[in-house]
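Trainee: I have a structure open and I'd like to learn how to read it feature by feature. Could you walk me through it?

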Amino acid sequence: MSTITQAVQPSQGHPALPSVVLRSWKAAIALSIFAVAALFIFIGLRQGAPGAVSTFQLSQSRDIIQLPDLVLPTFATTLVCAILLVAMAAWSVWITARSARVPLWLIVAFAVVFMVGFLTWAAAGSTIPVPGLFVGTVTLSVPLIFGALGGVISERAGVVNVAIEGQLLAGAFSSAVVASITGNPYLGLVAAAIAGVLVSFVLAAFSIKYLVDQVIVGVVLNVLVIGLTSFFFSQLLSPNAALLNTPDRFPRINIPLLSEIPILGPALFRQTFIVYFMYVAVAVVYFGLFHTKWGLRLRSVGEHPKAADTVGINVNGTRFWNVSLAGAIVGFGGAFFTLGSVGAFNKEMTAGLGFIALAAVIFGQWDPLKATLAALLFGFASNLQNVLSIIGSPVPSEFMLMLPYVVTIFAVAGLVGRSRPPAADGKPYIK
Amino acid sequence: MKLELRGITKTFGALVANDHIDLTVEAGEIHALLGENGAGKSTLMNVLYGLYQADGGEILLDGVVQKFAGPGDAMNAGIGMVHQHFMLIPVFTVAENVMLGHEETNFAGRLNLGAARKKVREISDRFGFDIDPDALIEDLPVGVQQRVEIIKALSREARVLVFDEPTAVLTPQETDELMAIMRQLKEAGTSIVFITHKLREVREVADRITVIRRGKVVGEASPTATNTELASLMVGRAVELTVHKGEPKLGGEALVVRDLAVIDARHQLVVNHVSFEVKAGEVLVIAGVQGNGQTELIEALMGLQPRVTGAIELNGVSLHGLSVRKILDAGVGFVPEDRTEDGLVAAFTVAENLMLDRSTGAPFVKAGTLQRGYLADFAREKVTEFDIRTQGIDSLAGQLSGGNQQKVVLARELSRDLKLLVATQPTRGLDVGSIEFVHKRIIATRDAGIPVIVVSTELDEVVGLADRIAVMYRGGIVGIVPGTTPRSVLGLMMTGEPAPGAEVAA
């Protein structure tokens, strides 16, 4: 797949070795396959009667600024998209043949055109509510983003956090119970954080103090939390649902002006307290990780714990408290299930999203902002499936259900490239 | 600052690493701590630096007893350390590394990188280092990284500075520069503890020398003592420092390497189109500072690198692109760089390790079954022949000392019918006695008419073993010179300067 094409002469006095451009056909081949697939789907599996149109609804009825619906002729639009895709794929082949790297923007543009074409094709003769697509994306991404933030913090400190799923579930459970009893969702949020921290304590104690393999502890914790919450759900919550499992949900808060931004406003600024709290959390974690003493020390124990030790940093203490902090953040995400969206706890209601959050951590290269974007991508894939099944898309629903996971696998396996985890991630520090 | 260690004792289980060690370092003195690998020098310094807690004894600074619960306390008391394996975080910048652990912050806890940059520049200017505070550590050459370590220690007002084997990774020229820096520090009143096992350096820079053997102070020496005196003090018996070898009986060209290039996973040309040949009955030493492509070159010869171009021929047969198994079957013996990682399976017995690369057929395996009896006889014979000090052939390889482990590896490789021996860093971390043994076996192999390639970073070993020397620098061969080439020329070649009149290779 790779051939050597040229050797660059070393520049004088610079320590780096001459580097060699390896021609990588990976991107070009992937784009070509998708382009061919697009041709086949858009033209071969042509949808709708001749002259059918696809409608994109750009505003909701309660919006102040009303944008007209976008009505596209289905076949003509998909045809244009397919031609564009083929052209971009051909261009990427040409770029690779000249031993240059396929630029990222080309891949992104390819993905956008493919998505536009696909939506137009799928919506032949019906209407896609674009603001709704984005609202759902954000909603479905919230637990993923909290989970990914917790994962980033924990792994940057050098502890692999497979227990995100368990922390989400513990957060969901305890927030439901506490919010129901007290009648106060804010107390439920606090309870969720505490539950996440408790799961973290176990993870931290076993992996840092007793040096048990971190992945194994994480997996075991997930199973443990599923078992515990399911048990309490069926024994306590179900019989006493009125007392223990009817939490007040957070009310939706519309931010003036911002919520009226066309298309994106409803998605971002007509949300609940937890979502706004999440925006703050993403910003604070990013700033903290890269611009504060806390972040510098946190990253140092995850990269080279011995070096941190030799400058007087308590490695295992730093790891312990940051894994705990990570648990609290993931716990907030768990509260979103019960206090933000569903309104009651249910058995295994996190449904493996913790693992998708873990994938977002890796896809996001252990960076809070990139991990957030990755989580949004996964959220979009999930919601696309919802929307398309509602409008009655021609794609079998089983395929659509697979979509988020297919995106996850492709994202983590194929597109990550050379992302580098923290050097001491998963390795216990023994003096 | 005057540093005194009184009766420091440190044990790890049954092993006594430090046994009542006394050491006094006066203010403004360079005090060398000399000892073999495993003598307990680094343990002692880790006790001083608060990384280990001593089981007995006390540490005094200017006559005041100190209690160090961790490195933070030691640093606050004015002790700094330049570690053998640099304690720098590769993905951080110089300034971030220097500030780590005592960060200054601005509003909202924001790191004050400006102050750290200023400090780096200030110290760097004082010693003429010329270091960019915003450079990432991983982009800097090791010599510069070491200077960052020094800056790190000085930024905390260290007045006692410990250098733990600082010259292991340096070129001879960089070593000279380091010596100058140490003298400069000394003039500024800093006390320096210089840990090393290299005699020449000690005599050059030290004011006083304390020798440690097996965890005990065995004597003091003055820098005017001869190498032989120091070595026998260090080892505890008279040692042969030079390798005895006769004139080589050269045969024809056995191994021919042409235009060999290796590209690593980071797409860097780590071996840059090298060509050389080795004659039968000759030792070719590949010299150079660690990390200049020697490892990758050897791995390419052994079929361990995925992206290799060029030609490798052994007695006219191409080895390029063959599997490791086929290369071993072609008669290539390989002593890897890291014996615990690549040379042995620590959890296997000595006997099993002796047949590790011969598990494919007779005489050790017949009809898919291990021939235990044959293996036992074979192992007992090799244990005697190579003087492997082990409780028995069923002892685990991991329990042997470094020297004996290396003997197991050598015994395994040399007991095959070799057409070529490749030994990388064959004496790294070994005691002087084992070094003598390994050197003798290598020369004996050469005298049996087998071509030998040795990779070494130790100039003493290079000069001692070589019939010819190929010096590598940044992936290329700077030149191939006779074994009698003076050290100063080799030192220059290690920094990339071609030797005058050297045979130019590709």
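**One helix and its buried side**

Mentor: Sure. In α1(A), the buried residues are A:Ala27, A:Ala28, A:Leu31, A:Ala35, A:Ala38, A:Ile41 and A:Phe42. They cover an arc of only 160 degrees around the axis, so they sit on the same side of α1(A). Keep in mind that this is a predicted model.

Trainee: Which exposed residues does the face of α1(A) turned away from its buried side carry?

Mentor: That face has A:Ile33, A:Phe40 and A:Gly44, which are exposed.

Trainee: How far apart are the end C-alpha atoms of helix α1 of chain A, and what span should its 19 residues give?

Mentor: Count 1.5 Å a residue: the 19 residues, 26-44, should span 27 Å, and the end C-alpha atoms are 26 Å apart, which agrees.

Trainee: Let's go to where the chains meet. How many residues does the contact take from each chain?

Mentor: Chain A puts in 27 residues and chain B 31 residues. On the chain A side, the elements giving two or more residues are β1 (2-7), β2 (20-24), α11 (293-303) and α12 (305-310). α11(A) gives the most, with five residues. By class, that side of chain A has 15 nonpolar, seven polar and five charged residues.

Trainee: Now the sheets. What should I keep in mind about strand pairing?

Mentor: Strands of a sheet pair through backbone hydrogen bonds, either parallel or antiparallel. In chain B, six strands make an open sheet in the order β6-β7-β8-β3-β9-β10, with mixed pairing. β6 (79-82) and β10 (216-221) of chain B are at the edges with a single partner strand each, so one side of each has no neighbour in the sheet. From one strand to the next, the twist averages 20 degrees.

Trainee: How many bridges join β6(B) to β7 of chain B, and do they run parallel or antiparallel?

Mentor: Four bridges, and the two strands run parallel. One pair to look up is B:Gly80 with its bridge partner B:Leu161 in β7(B).

Trainee: Where would I find antiparallel strands in chain B?

Mentor: Try β1 (residues 3-12) and β4 (residues 56-61) of chain B, which run antiparallel and are joined by five bridges. There, B:Glu4 has B:Leu60 of β4(B) as its bridge partner. β4(B) is also joined to β5 (residues 64-66) of chain B, antiparallel again, by three bridges. B:Ile59 has its bridge partner, B:Gln66, in β5(B). β4(B) and β5(B) form a hairpin with two residues between them, and B:Asp62 in the turn has a positive phi of about 50 degrees.

Trainee: Which helix lies across β6 and β7 of chain B?

Mentor: Helix α5 (residues 142-154) of chain B, running at about 175 degrees to β6(B). Its buried residues pack against β6, α3 (94-99), α4 (113-127), β7 and α6 (172-187) of chain B. Among the buried residues of α5(B) are B:Val148, B:Ile151 and B:Leu154.

Trainee: Can we finish with one residue? Why does B:Ile150 count as buried?

Mentor: Because B:Ile150 has 23 C-beta neighbours inside 10 Å, and the cut-off for buried is 20 or more. B:Ile150 is found in helix α5 of chain B. Leaving aside neighbours within four places in sequence, B:Ile150 is in contact with B:Val82 and B:Ile181. B:Ile150 and B:Met81 are 69 residues apart in sequence, with their C-alpha atoms 7.8 Å apart in space.

Methods
Residues numbered from 1 in each chain as written. Chains lettered and ligands numbered in written order. Predicted model: local features only at pLDDT ≥ 70, side-chain atom pairs only at ≥ 80, totals over all residues. Expected span 1.5 Å × (residues − 1). Buried ≥ 20, exposed ≤ 12 C-beta atoms within 10 Å, placed from the backbone. Arc of directions from axis to C-beta. Contact = placed C-beta atoms within 7 Å. Nonpolar A, V, L, I, M, F, W, Y, C, P; charged D, E, K, R; others polar. Pairing = 2+ DSSP bridges. Axes fitted to C-alpha atoms, helices over the stretch in contact; angles between N-to-C directions.
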